[in-house]
2 protein chains.
Amino acid sequence: MSCITHGVLLAITLYDLVDKDGRRYSPYGWRVRMALAHKGLDAAVELCWHSDKEKLSFSGQHLVPVLRDDDHVVSDSWKIACYLDDAYPDRPLLMKDEQSRSFAKFINGWTDTIIGRPLVRSLYLDILRSLHPDADAVEFRKRREERNGATLETLFANRTKDFEELNRELAPLNQLLRDQPFVTGATPAYPDYIVFGTLQMPRHLNRVDPLAASQDAVIRWREAMRGLFDGLADRA
Amino acid sequence: MSCITHGVLLAITLYDLVDKDGRRYSPYGWRVRMALAHKGLDAAVELCWHSDKEKLSFSGQHLVPVLRDDDHVVSDSWKIACYLDDAYPDRPLLMKDEQSRSFAKFINGWTDTIIGRPLVRSLYLDILRSLHPDADAVEFRKRREERNGATLETLFANRTKDFEELNRELAPLNQLLRDQPFVTGATPAYPDYIVFGTLQMPRHLNRVDPLAASQDAVIRWREAMRGLFDGLADRA
């Protein structure tokens, strides 16, 4: 059995990634889980393996997360966040207006490219070990090694460079969070969940903290984020 | 005479930087000029040389821009933008609420560090040539060469690396601007003026465009920004 159904029958179902050891480390999955909690929406969860493409065929593509809300099927975490606000405008908004959505959209691209690149590279070997079946791991290794021009083991040996790059790029976020508790101000909103989702990866994959002590405000904010929604972030 | 007064007597005076050739390239000065135009506020302008510290002593520090509004003296472009919204809330807002101010604050830090660092480094020699008196240039060279561990001439010879870094870091902004005309959405606001102010530097200092063709959306946006307020950006 490749997918496990949790929870009772609900209108909303979230299809999220799980690895063979039961870990849920998808940054995009975490963004949606936090977004659902922000809006106070319950969802049944279907956990899918990395290669579980058939399970998602109903969505017309093969990547998690996918949200099914009665007849509505939405894939891609960004589109899911926009859908949740559009479909449930009376519940707390993830992005309350055009400027707020612009902010989130910028943070989304910045997190995926600038922040995510060095972080994910530092985690390649851990992701590799999490994959199943073995054919997935072979393909994963091949593509990453071609893209980076080095073996995953060499990249792993050089991961302090990835950590340095990550911490350098996080500087503007740390600067912002020295002045206010959350990315969006006094309370969290979707930009917070975006960055936090990506920073959940090492926590669930290898427990190595890539943040330098200089990221004092990001570290403090991350703790606050972990405490939201009754500690949702620590329930994997 | 080290400062030149423009315009008629007005309640607001902006102290901005000018070099010995009459060029106004301060990114922070441009942010404030665009911000004043956004709010529809006229201001007299006092242009100051780089070393014209005495002229600014009334502000308790020696850096431009400084805004004097009757009895109020505000230095630092960020504080000036906040002041303008707080003092003139009935005019178009630069940052209309807390989330909008968070967005601008993040963009401010990101632009100054991540975007500004490679861009300004690529312009060191041009800035050096613009300085007056010579003592300023000596001090400028000394400090930048110590910080970078290389002569300004070596840094200049390697400036394609700075351009590469700049274009890599601009990727999330380009991604955002492919979907919407301005950083903040359908119309510009302070985040637009922040980034634009910094991108004004090469335009006024050396006319070398550091943007790669891949920055298609940033380039298109920059053109639109130049057209705002009757082409204010081209009136230096």
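This report covers the contact between chains A and B, their symmetry, and selected salt bridges in a predicted model.

Local features need pLDDT of at least 70 and side-chain atom pairs count only at pLDDT 80 or more, while totals for chains, interfaces and linings use all residues. Residues are numbered from 1 along each chain as its sequence is written, chains are lettered from A and ligands numbered from 1 in the order in which they are written, and side-chain values use heavy atoms, without hydrogens and water.

**The interface**

Chain B gives 28 residues to the contact, and chain A gives 28 residues. Contact here means heavy atoms within 4.5 Å. About 2,500 Å² is buried between the two chains, and carbon and sulfur atoms give 59% of that area. Buried area is the accessible area (1.4 Å probe) that two parts lose on being put together, summed over both.

The rule finds 4 salt bridges across the interface. A salt bridge is a side-chain nitrogen of Lys or Arg within 4 Å of a carboxyl oxygen of Asp or Glu. One joins Lys96(B) to Asp97(A), with the closest N and O atoms 2.4 Å apart. Salt bridges with shared partners link Lys96(A), Asp97(A), Lys96(B) and Asp97(B) into one network.

Between the chains, 12 residue pairs are in polar contact, both residues at pLDDT 80 or more. A polar contact is a pair of N or O atoms within 3.5 Å; within protein, one must be able to donate a hydrogen and the other to accept it, and residues adjacent in sequence count only if both atoms are side-chain atoms.

On the side of chain B that touches chain A, the elements giving two or more residues are helices H3 (98–122), H7 (159–169) and H8 (171–177) of chain B. Helices (H or I, at least four residues) and strands (E, at least two) are DSSP runs, numbered from the N terminus. H3(B) supplies the largest share, 13 residues.

**Symmetry**

A turn of 180° and a shift of 0.0 Å along the axis lay chain B on chain A with an RMSD of 0.0 Å. The two copies are therefore related as by a two-fold rotation axis. Copies are superposed by least squares on the C-alpha atoms of residues with pLDDT of at least 70 in both. In chain B, the C-alpha of Phe103(B) is nearest the axis, 2.8 Å from it. Both copies use the same surface: 100% of the contact residues of chain B recur in chain A.

**Salt bridges within chain A**

Over all chains, the whole structure has 40 salt bridges. Three from chain A are listed here.

| Pair | N to O distance |
|---|---|
| Arg121(A) and Asp162(A) | 2.7 Å |
| Arg129(A) and Asp126(A) | 3.5 Å |
| Arg222(A) and Asp209(A) | 2.7 Å |

Arg121(A) lies in helix H3 (residues 98–122) of chain A and Asp162(A) in helix H7 (residues 159–169) of chain A, so their salt bridge ties together parts 41 residues apart in sequence. Both residues are buried. Buried means under 20% relative accessible area, exposed over 50%, and partly exposed in between (1.4 Å probe, protein chains only).

Arg129(A) and Asp126(A) sit 3 residues apart in helix H4 (residues 124–130) of chain A, separated by about one helical turn. Asp126(A) is buried at 10% relative accessibility.

Arg222(A) is buried at 7%, whereas Asp209(A) is partly exposed at 40%.

**A buried arginine in chain B**

Arg24(B) is in the loop between strand E2 (12–17) and helix H1 (27–38) of chain B. Its relative accessibility is 6%, so Arg24(B) counts as buried. The side chain of Arg24(B) makes a polar contact with that of Asp16(B), at 2.9 Å.
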